[in-house]
Amino acid sequence: MRLILRRWREADLDSLIRLANNRRIWINLADPFPHPYTHADGQGWIALTAAEGDPQLQFAIDVDGQAIGGIGLKRLPEQHPQSLEVGYWVGEPYWGRGIASEALARVTEYAFNKLGAERVQAQVFAYNLASARVLEKNGYTLEGRLRRAARKDGQIIDKLMYSIIA
Ligand SMILES: CC(C)(COP(=O)(O)OP(=O)(O)OC[C@H]1O[C@@H](n2cnc3c(N)ncnc32)[C@H](O)[C@@H]1OP(=O)(O)O)[C@@H](O)C(=O)NCCC(=O)NCCS
């Protein structure tokens, strides 16, 4: 398996829509991630991320030449300029092969060594044991449980706050 992180491009559109249009992905992501995931959503995402300047913050996870998921960083200026949040998803046919773990390792390294991050955090819905495991395998620490701090699919749920510091 050859995994690279790169910009999203127009040729990814079919793959993006096919893999992102999945309730099992949507249920684990904050609500701006759409469901159903339409053609227009995919076009909008590719246009938005293609227009991003440097340093790049949003990446397609490319496995053997195909974009099969996404990973990205968001700055948290309300905390401070070197504080970032990471988010990611992998297309369901590719789950369980270590792809998210490898992508997170690369983006974490990028955040510290290229962006000068002091802190990278991740917020995980409490039922998302796979994502918690991916974070723990990458040295992220569970800081706490944010009780009843999110709403998903009409339910109020707990979130887990993970972080890693420089
Ligand atoms: C979470 C997600 C990114 C994981 O991607 P992946 O490429 O399958 O992850 P990896 O293969 O690198 O690692 C998954 C780990 O979770 C473990 N795992 C999977 N399901 C699990 C479960 N129900 N309970 C506990 N651990 C679980 C796997 O065994 C593996 O750990 P291991 O390497 O120690 O065996 C993927 O399932 C996904 O995209 N889910 C929907 C979106 C999402 O949750 N994004 C993250 C939001 S915070």
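**Exercise 1. Find out which element gives the most residues to the shell around the ligand, and which residues come nearest.**

Solution. Start with the elements: helix H5 gives the most to this shell, with five residues. Keep in mind that you're looking at a predicted model. Next, see who else joins in: S4, H4, S5 and H5 each supply at least two residues of the shell. Now zoom in on single residues. There are 21 around the ligand, and the nearest are Asn-28, Ala-100, Ser-101, Leu-129 and Ala-130. Last, sort the shell by character: 13 residues are nonpolar, six are polar and two are charged.

**Exercise 2. Work out the strand order of the sheet, and say which strands stand at the edges.**

Solution. Walk across the open sheet and you'll pass seven strands, in the order S1-S2-S3-S4-S5-S7-S6, with mixed pairing. Strand S1 (3-6) and strand S6 (141-152) have a single partner strand each, so one side of each is left without a neighbour in the sheet. Those two are your edges. As you step from one strand to the next, the twist averages 30°.

**Exercise 3. Describe how strand S4 is joined to strand S5, then place helix H5 relative to S5.**

Solution. First, a reminder: strands of a sheet pair through backbone hydrogen bonds, either parallel or antiparallel. Here S4 (residues 83-90) and S5 (residues 119-125) run parallel, and three bridges join them. For one end of a bridge, pick Ser-83: its partner in S5 is Arg-119. Then add the helix. H5 (residues 129-137) lies across S5 and strand S7 (155-165), and runs at about 160° to S5.

**Exercise 4. Decide whether Gly-116 is buried or exposed.**

Solution. Locate the residue first: Gly-116 lies in the loop between helix H4 (99-113) and S5. Now count its surroundings. There are 11 other C-beta atoms within 10 Å of Gly-116, and a residue with 12 or fewer counts as exposed. So Gly-116 is exposed. For a sense of place, check Ser-83 too: the C-alpha atoms of Gly-116 and Ser-83 are separated by 9.3 Å, though the two residues are 33 residues apart along the chain.

**Exercise 5. Identify the residues that touch the most other members of the largest nonpolar core.**

Solution. This core has 35 residues, and the best-connected are Ile-61, Val-86, Ala-103, Leu-104 and Val-107. H4 provides the largest share of the core, six residues. Follow Val-107 as an example: leaving out residues up to four places away in sequence, Val-107 touches Leu-5, Phe-59, Ile-71, Leu-73 and Val-86.

Notes:
Residues numbered from 1 in each chain as written. Predicted model: local features only at pLDDT ≥ 70, side-chain atom pairs only at ≥ 80, totals over all residues. Pairing = 2+ DSSP bridges. Helix = DSSP H or I, 4+ residues; strand = E, 2+ residues; numbered from the N terminus. Axes fitted to C-alpha atoms, helices over the stretch in contact; angles between N-to-C directions. Contact = placed C-beta atoms within 7 Å. Buried ≥ 20, exposed ≤ 12 C-beta atoms within 10 Å, placed from the backbone. Near = placed C-beta within 6 Å. Nonpolar A, V, L, I, M, F, W, Y, C, P; charged D, E, K, R; others polar. Core = buried A, V, L, I, M, F, W, Y, C linked by C-beta atoms within 7 Å.
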